[in-house]
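Here is a short report for a reader meeting this structure for the first time. Please look over the sequence and the 3D view before reading on.

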Amino acid sequence: MGRTRRSKEIPVPQGCCVLCRISDDDPALLGEKLTLKQHNLTVHYLCLLTSCGVYQRGKEDEGIMGFLVEDIRKEVRRSSFLTCFSCKKKGACVGCNIRTCRKMVHFPCGRKLNFISQFTEPFPSYCKTHAPSQILNVDPNISLPQSCSVCLDSLDPVLSYSVLKCPSCHTSWFHRECVQRQAFSAGLFFFKCTLCNNKDRFQQEMLKMGIHIPERDASWELEANAYSDLLEVYENCDSPSCLCEHGRSHSDSAGWFEVVRCILCGSKGTHRKCSGLNVNTTDWACADCTQATDGKASLVTSPQVAQRKSLGLKRHLSSMHSPISCKRPILSEKSGSPEELLRSLGPQLHPGIVQVEVDGDQALSAGLDLVRRADFNATHLLSVKFKNVQQPPSIVQDTNAARQYFLKLLHQQIQDSVVFEGPCGSKNLALDAQALRDDLYFDVGCLLALCLVYGGPFLGFFSPGLYQCLFNYPPNCPLTVSHMTPQSHFTQQVTRISEAKSLEELRGVLEESWEFLQLAGCSRPVNDLEDKQSLVEDLVSFTMITRMQLPLQRFREGLQTLGVFKQVQLFPSVFYNNFCEATVHLTAQALAQLFSVRYSKQEDKLTQELVVVTFWRHLLLECEVGRSSISLQDIFRYSTGAEELPAAGLLPPPSISFLHHPESTESKTEEKWSDEGLFPQSRPESGSLLLPVTSTYKAFKSCMEQAISHHIHLLPA
């Protein structure tokens, strides 16, 4: 008999990676160094991703980010027979993806031999001979850069393993190590070309060339108190004669000697007494800003004096331990509807209840009181109570109906608030000084996130420009005049500039708009009509982004409540229509797909029920074309109790059961609802609709129309 070959696991020194056998800790180049003390196991994350024989078979919290300890040890034993092509030591676990190539290396050794590992499915690695390369399609007369666009050190502009270039521009060249460290620092959402700012093509090319891009926010965004200095406010009296006995730097919390800052620049201040202001004055502009704006104080407003506590409302973006490349299928944009993606945020909700009391129809006021409570927790279920208003009994008595009505009112009142401007159905953020002082942008963003997760309607009133400012979709598309708020003062000025047909006309318009140009930082000489396009782009960018930076930032932070902003940011194309398009009318096909059908197990009943399902679908088609006395909306209201489909879908999911004739069926739980006649019955709280089993379509249509018409006529207007 042949001798059995036994695996002999090579001992690994304490603190060394079990796959590459080195102790280096360089997260940018080797991935995070992860240790399981209870198993005495240390490994680099990129060594795991590139190893040929190990896959993520567990959940994210199992083993090491889904890699089970047993699987890792099996990979260590497997690789203990394989010799590294570079260091000639055992334990090589990374092999060339070409079947005829037998080169095996440790992951760090592979970098020395110009191995390229691609961090996308199926995570292949290639040796120097078979590795992908970049192509230089540049006119030979164009001079190439001589320095790295990341570290600015000199480089030889010759494409190689260690020198890469941006696929979208020919001026951005960089060292491989530099761009890898940039990717690790910037993360998926901020990693782009340092010169042309291209993101999509740049990331695809870098992934092809073996650059690992972590799926997380930028490292500077994750650093605790990274922007704390921005919260410091100016507290000094700049009045020519200060009357405060404690000096110019003294500021009371209120009263005559509280320092009031300029609402335009925020960089100058005064005691109320020193400038002859009223004791309650908060809106004050310094002399320089008053002169520059000709006495108008509505162009730019100052930032918040202090941020309110988030109180657990904001979900942070994924941490350093959430890479874009994981050895499991990744959810694509086609694999989930907006309803499914929003429902996936539901498990974080806790059984606790928070009470909301609405006075009359003042839903927005009640919502603002809710999120400003010191003990507010967004994960607790909303319980809504109306007072001082005549409402239908269902709104007063049914908790779910009251919540849905509250969310619908809230949705309507938010889009009509001072935070938004523009025509109905295409709103932009408006700049409002009082809203900034009250931090209303954050509060409204928080309330909209609650609406989406707790079963409110889809938003449907964002303008394409606002959606692009928030989520960069469509990507890399510059904003135009059409994205600006129609008929606004700034829009009219930019439109006049863009419509100028001659250089003389353009200069005349610019001369009339000199205040606006100075404020936007675009007061520059125009010597050619071709300069108009770049000037218009700069003015649009100033109006919609630069000028609105603080409102946009606080609105985004409010939308991060319960993880809504992150979900939309990951799938912007999926959510676009639901944020920017008006509610789509019901169709027969959509309503039919909304219900799942629960058939009986008995064969004789099943035969009858299959016929009734065809009756049901035919009735929906007739309602759609107006050949019935009831509408699709009537059927939807009768079956679900809702006026419109919630953003997160209906819970519980609606289903169809069947109501057989009492003489031919045995008693069942759901059929206890029935009365003596064969009429449809609905229980919206359980999501069930019972269809009557009839022998003809005429009888089915008649009983459906009678029951639903009677129900709809009983509902209050």
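## Two loops with positive phi

Asn 472 counts as partly exposed, because its relative accessibility is 36%. This is a predicted model. Asn 472 sits in the loop between H15 and H16. Its phi is near 55°, a positive value in a residue other than glycine.

Leu 152 is not a glycine either, yet its phi is positive, at about 70°. Leu 152 lies in the loop between S6 and strand S7 (163-165). With 64% relative accessibility, Leu 152 counts as exposed, because the cut-off for that class is over 50%.

## Cis peptide bonds

The loop that holds Asn 472 also holds Pro 474, between helix H15 (464-471) and helix H16 (489-498). The bond joining Tyr 473 and Pro 474 is a cis peptide bond. Its omega is about -5°.

Another cis bond runs from Glu 121 to Pro 122. Here omega is near 0°. Pro 122 belongs to the loop between strand S5 (116-117) and strand S6 (125-126).

## The S1-S2 hairpin

Strand S1 covers residues 33-36. One face of S1 is covered and carries Leu 34 and Leu 36. The other face is uncovered and carries Lys 33 and Thr 35. Strand S2 (residues 41-44) runs antiparallel to S1, and four bridges join the two. Across from Lys 33 stands His 44 in S2.

Together S1 and S2 form a hairpin. Four residues lie between the strands. In the turn, Asn 40 has a positive phi of about 55°.

## A four-stranded sheet

Strands of a sheet pair through backbone hydrogen bonds, either parallel or antiparallel. In this model, four strands build an open sheet with mixed pairing. Their order is S15-S16-S18-S17. The edges are strand S15 (596-597) and strand S17 (681-683), and each of these pairs on one side only.

S17 pairs with strand S18 (residues 688-692). The two are antiparallel, with three bridges. Arg 683 has Ser 688 in S18 as its bridge partner.

## Cysteines

How many disulfides does the structure hold? It holds zero. Cys 47 is in no disulfide, and the nearest cysteine sulfur, that of Cys 20, is 3.9 Å away. A disulfide needs sulfur atoms within 2.5 Å, so this pair does not count as one.

Is Cys 47 buried or exposed? Cys 47 counts as buried, because its relative accessibility is 1% and the cut-off for buried is under 20%. Cys 580 is buried too, with a relative accessible area of 8%.

## The whole protein

The protein has 717 residues, and 47% of them count as buried. It contains 26 helices and 18 strands. The accessible surface comes to about 37,100 Å². Carbon and sulfur atoms hold 51% of that surface.

What share of the contacts with a separation of 6 or more comes from residues 24 or more positions apart? That share is 64%.

Definitions and conventions. Residues are numbered from 1 along each chain as its sequence is written. This is a predicted model: local features need pLDDT of at least 70, side-chain atom pairs count only at pLDDT 80 or more; totals for chains, interfaces and linings use all residues. Side-chain values use heavy atoms; hydrogens and water are left out. Buried means under 20% relative accessible area, exposed over 50%, partly exposed in between (1.4 Å probe, protein chains only). Two strands pair if DSSP finds at least two bridges between them. Contact means heavy atoms within 4.5 Å. Accessible areas come from the Shrake-Rupley method with a 1.4 Å probe; for residues, only the protein chains shown count as cover.
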